[in-house]
Amino acid sequence: MNNKHGFFRSRLIDYVTGKRAYIRGVVLQNRGVVSGHALNSSGVSVRHSISPNETGAVTPWAYIRPTYKHFENDLGKSIGGSYSVRIEISPNSLVQDWTVNIPADIDWVSADALSGSGPGEITITVEENFSFFNRDAVIKIGGFNHRIEQDRRTAD
């Protein structure tokens, strides 16, 4: 960031898609409000503003971890398996309830819980891939994208 002129540059890596983006923008301050405009390397334009926190309250937050899972081919087979996804929600968040949404056409992925409240953990199960095609899915967990990729079968 160039403090004298308010310009910033940054590099962002999206770990879900594996893509990199370079962001540049400007930050302006006027009457206690910080706002500005940013543009990434793909041409996506974003306006932003930050208000002062005069109460000292912690901003509510939520996330899932991991956001991506890959199943590799092992000796010609793609056997699938189960793994856990952790849902974290701050205690001061107004929304504590979450759901798991698996698209109807993704019949090879299942979850042990389809809804819950507050922080938690769900188990995702991916069935063996008997086809000779790679497959991938994006499911929603608490409104967040979770991507699953599975390599194809290469042997009989």
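**Salt bridges, core and surface of an all-strand model**

Mentor: Let us begin with one ion pair: R147 and E149 form a salt bridge, with their closest N and O atoms 3.1 Å apart. Please keep in mind that this is a predicted model.

Trainee: Understood. Is E149 buried, exposed or partly exposed?

Mentor: E149 counts as partly exposed, at 21% relative accessibility. R147 is also partly exposed, with a relative accessible area of 21%.

Trainee: Which other side chain meets R147 in a salt bridge?

Mentor: That is D136, with an N to O distance of 3.8 Å. This pair links distant parts of the chain, since D136 lies in strand β12 and R147 in strand β13, which covers residues 144-150; the two residues are 11 apart. D136 is partly exposed, with a relative accessible area of 44%.

Trainee: What do D136, R147 and E149 make up together?

Mentor: The three residues are linked in a network of salt bridges.

Trainee: How many salt bridges does the structure hold?

Mentor: There are 3 in the structure. One of them joins E88 to R86, whose closest N and O atoms are 2.8 Å apart.

Trainee: And is E88 buried or exposed?

Mentor: E88 is buried, because its relative accessible area of 18% falls under the 20% cut-off. Its partner R86 has a relative accessible area of 31% and is therefore partly exposed.

Trainee: Changing topic to the fold, how many helices and strands are there?

Mentor: The protein has 0 helices and 13 strands. Read from the N terminus, the elements run β-β-β-β-β-β-β-β-β-β-β-β-β.

Trainee: What share of the contacts joins residues at least 24 apart?

Mentor: The figure is 43%, counted among contacts between residues at least 6 apart in sequence.

Trainee: Now the interior. What percentage of the residues is buried?

Mentor: Buried residues account for 24% of the 156 residues in the protein.

Trainee: Which residues touch the most other members of the largest nonpolar core?

Mentor: They are I122, I124, V126, I141 and I148, within a core of 18 residues. At least two residues of this core come from each of β7 (81-89), β8 (97-101), β11 (120-126) and β12 (135-141). The strand that gives the most is β7, with 4 residues.

Trainee: Let us stay with V126. What is V126 in contact with, leaving aside its neighbours within four places in sequence?

Mentor: V126 is in contact with F71, I79, G80, G81, Y83, W108, V109, I148 and Q150. Among them, I148 was named above as one of the core residues that touch the most other members.

Trainee: Then to the outside. What is the accessible surface of the protein, and how much of the surface belongs to carbon and sulfur atoms?

Mentor: The accessible surface comes to about 10800 Å², and 52% of that belongs to carbon and sulfur atoms.

Trainee: Which residues form a nonpolar patch on the surface?

Mentor: V58, W61, Y63 and F144 form one, with about 370 Å² of accessible area together.

Trainee: Where does W61 lie?

Mentor: W61 is in the loop between β4 (45-50) and β5 (62-65). W61 is partly exposed, with a relative accessible area of 37%, and that value is over the 30% that patch members require.

Conventions
Residues numbered from 1 in each chain as written. Predicted model: local features only at pLDDT ≥ 70, side-chain atom pairs only at ≥ 80, totals over all residues. Heavy atoms only, no water. Patch = residues over 30% accessible without salt bridge, like charges linked within 9 Å, V, L, I, M, F, W, Y side chains within 5 Å. Areas by Shrake-Rupley, 256 points an atom, 1.4 Å probe, with all protein chains shown as cover. Salt bridge = Lys/Arg side-chain N within 4 Å of Asp/Glu carboxyl O. Buried < 20%, exposed > 50% of the residue type's maximum accessible area, 1.4 Å probe, protein only. Core = buried A, V, L, I, M, F, W, Y, C linked by side-chain atoms within 4.5 Å. Contact = heavy atoms within 4.5 Å.
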